[in-house]
Amino acid sequence: MKQEPEKPVSRKGFFKRMAAAAAGLFGVSLVSKEGRGPEERELREADYYSRHDLAG
Amino acid sequence: MSKGKEVVCELCPKFCRIPDGTAGDCRVRVNLGGRLRTTIYARPSAVHIDPIEKKPLAHFLPRSRTFSIATAGCNLHCRNCQNWQLSQRDGAEMEVRFRAEPEKVVAEALRTGCLSIAYTYSDPTVFYEYTYDTARLAAGKGIKNILVTAGYINRKPLAKLCKYIDASNTDLKYFDDALYKKHSDAGLQPVLDALVTQKEEGVWLEVTNLLIPTLNDDMAMVRRMAKWMVENLGADTPLHFSRFFPQYQMRNLPPTPEERLLNARREAMDAGLKYVYVGNLHGHPAESTICPTDGRIVVRRIGYHVPEIRIKNGRCEFCKTPIAGRWEL
């Protein structure tokens, strides 16, 4: 499984390494890396939940 | 916490009550303004091509490769988790997080010649929507779908997902509810129910039991588990006894002795299971599939390598006994 790099790396170097790793594995870059977290508006609504009104 | 903004996640048996602005126990399903959202949809942190034998699946398209994806998060918290860097984090904590919409995953699986997509490593339960959308798309393109899961999911969402799932390796970690609670923050009965649901829905099912010294290697427990499997899943259901290695928060126990694994295998076969394997014991003969009638090896395995398959049209080449499984597309 994919592990985190053990040492902190520069973002630029990290992007390059990830691109190279993906290219090596799949021939071309499979997917692009994104930032830390998506904007809230982009988050997909989950299935299977219900509203719950608190008592009192 | 404001009234009316709390939600209850009904995906897994934990039924987390999630106040606005916080996440459920899995870390990746969050309540934002009274709507539950998944933070890891189409954002896997692990993308690999694996031999299907690694899942492990012994009776499903042997020698094929499976396109394997996982996101951060898990609804279990096993003290011995081997992928804890992935499973015990939320998406934002991951240094590696790709963007891969279902269309991209399916396209790459096709391009790389994989016969299946495996939803694995952490647990597809917590990336349910991503798994569902990808599996539905893949099924339409002739790609098989595989769950590798702890099976801690409610019946309704599981049954819906199973329409697009071809095979599953589901963990049966402990045949004991107290052990499930203590070591995985889960429970036994929902897992048993999930196993039965998958069987009923026509998913090819294999079961893995990680045999941990002093915790679940009691042979009476192994017997009870195997007997339950025979009665509820059928004697043809493969069972994998996997060797434990100390890691994460369970470093105080030794690796499972080989003899213990083989004892468990013997107990399970005595209880009536036809196909019982040992895992993490590289090169052992018990990795291979043996015809239950004539005792000859019909699928020879050495780790993930499969040098010999003697099954034709789903039957032992030697004595023509049917060997349960999905051997060809």
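1. Which strands, and in what order, make up the open sheet of three strands with antiparallel pairing that draws on chain A and chain B? In this predicted model, the order is β2(A)-β4(B)-β3(B). The edges are held by β2 (44–45) of chain A and β3 (29–32) of chain B, and because each of these has a single partner strand, one side of each is left without a neighbour in the sheet. Within chain B, strand β4 (residues 35–38) is joined to β3(B) by four bridges in the antiparallel sense, and one pair to look for is B:V30 with its bridge partner B:R37 in β4(B).

2. Chain A, which gives β2(A) to that sheet, has one helix and three strands, and read from the N terminus its elements follow the order α-β-β-β. Of its 56 residues, 29% count as buried, while its accessible surface comes to about 3800 Å², with 53% of that surface belonging to carbon and sulfur atoms.

3. The largest nonpolar core has 49 residues, and those with the most contacts inside it are B:F67, B:I117 and B:Y130. Several elements of chain B each supply at least two residues of this core, among them the strands β1 (6–9), β5 (46–51), β6 (65–70) and β8 (116–119), together with the helices α2 (102–111), α3 (128–140) and α4 (155–162). The largest share, five residues, comes from α3(B). Apart from this core lies another, of 43 residues, which includes B:V207, B:I212, B:M219 and B:V278. As a general background to such cores, nonpolar side chains tend to be buried together in soluble globular proteins.

4. Helix α4(B) deserves a separate look. Its buried residues include B:P157, B:L158, B:A159, B:L161 and B:C162, and the buried residues of this helix pack against α3, β9 and α6 (188–200) of chain B.

5. A further point concerns B:T149, which is found in strand β9 (residues 144–149) of chain B. Why does B:T149 count as buried? The reason is its relative accessibility of 6%, since buried means under 20%. The side chain of B:T149 makes a polar contact with the side chain of B:D123 at 3.0 Å, and a polar atom of the B:T149 side chain also lies 2.9 Å from the backbone nitrogen of B:G151. Leaving aside residues up to four places away in sequence, B:T149 touches B:D123, B:P124 and B:T125, and also B:S168, B:N169, B:T170 and B:D171.

6. Strand β13 (residues 276–279) of chain B has B:V276 and B:V278 pointing one way and B:Y277 and B:G279 the other way, and all of these are buried; B:V278 is also one of the residues of the 43-residue core. Strand β12 (residues 239–243) of chain B pairs with β13(B) in the parallel sense over four bridges, and in β13(B) the bridge partner of B:H240 is B:Y277. Between these strands the chain passes through helix α8 (residues 258–270) of chain B, and this β-α-β crossover is right-handed.

7. Chain B also holds an open sheet of three strands, in the order β14-β15-β16, with antiparallel pairing. Its edge strands are β14 (289–290) and β16 (305–309), each of which pairs on one side only. Strand β15 (residues 297–302) of chain B runs antiparallel to β16(B) and is joined to it by three bridges, with B:E308 in β16(B) as the bridge partner of B:R300.

Key. Residues are numbered from 1 along each chain as its sequence is written. Chains are lettered from A and ligands numbered from 1 in the order in which they are written. This is a predicted model: local features need pLDDT of at least 70, side-chain atom pairs count only at pLDDT 80 or more; totals for chains, interfaces and linings use all residues. Side-chain values use heavy atoms; hydrogens and water are left out. Buried means under 20% relative accessible area, exposed over 50%, partly exposed in between (1.4 Å probe, protein chains only). Accessible areas come from the Shrake-Rupley method with a 1.4 Å probe; for residues, only the protein chains shown count as cover. A nonpolar core is a set of buried Ala, Val, Leu, Ile, Met, Phe, Trp, Tyr and Cys residues joined through side-chain atoms within 4.5 Å. Two strands pair if DSSP finds at least two bridges between them. A crossover is right-handed if, with the strands pointing away from the viewer, the path from the first strand over the helix to the second runs clockwise. A polar contact is a pair of N or O atoms within 3.5 Å; within protein, one must be able to donate a hydrogen and the other to accept it, and residues adjacent in sequence count only if both atoms are side-chain atoms. Contact means heavy atoms within 4.5 Å.
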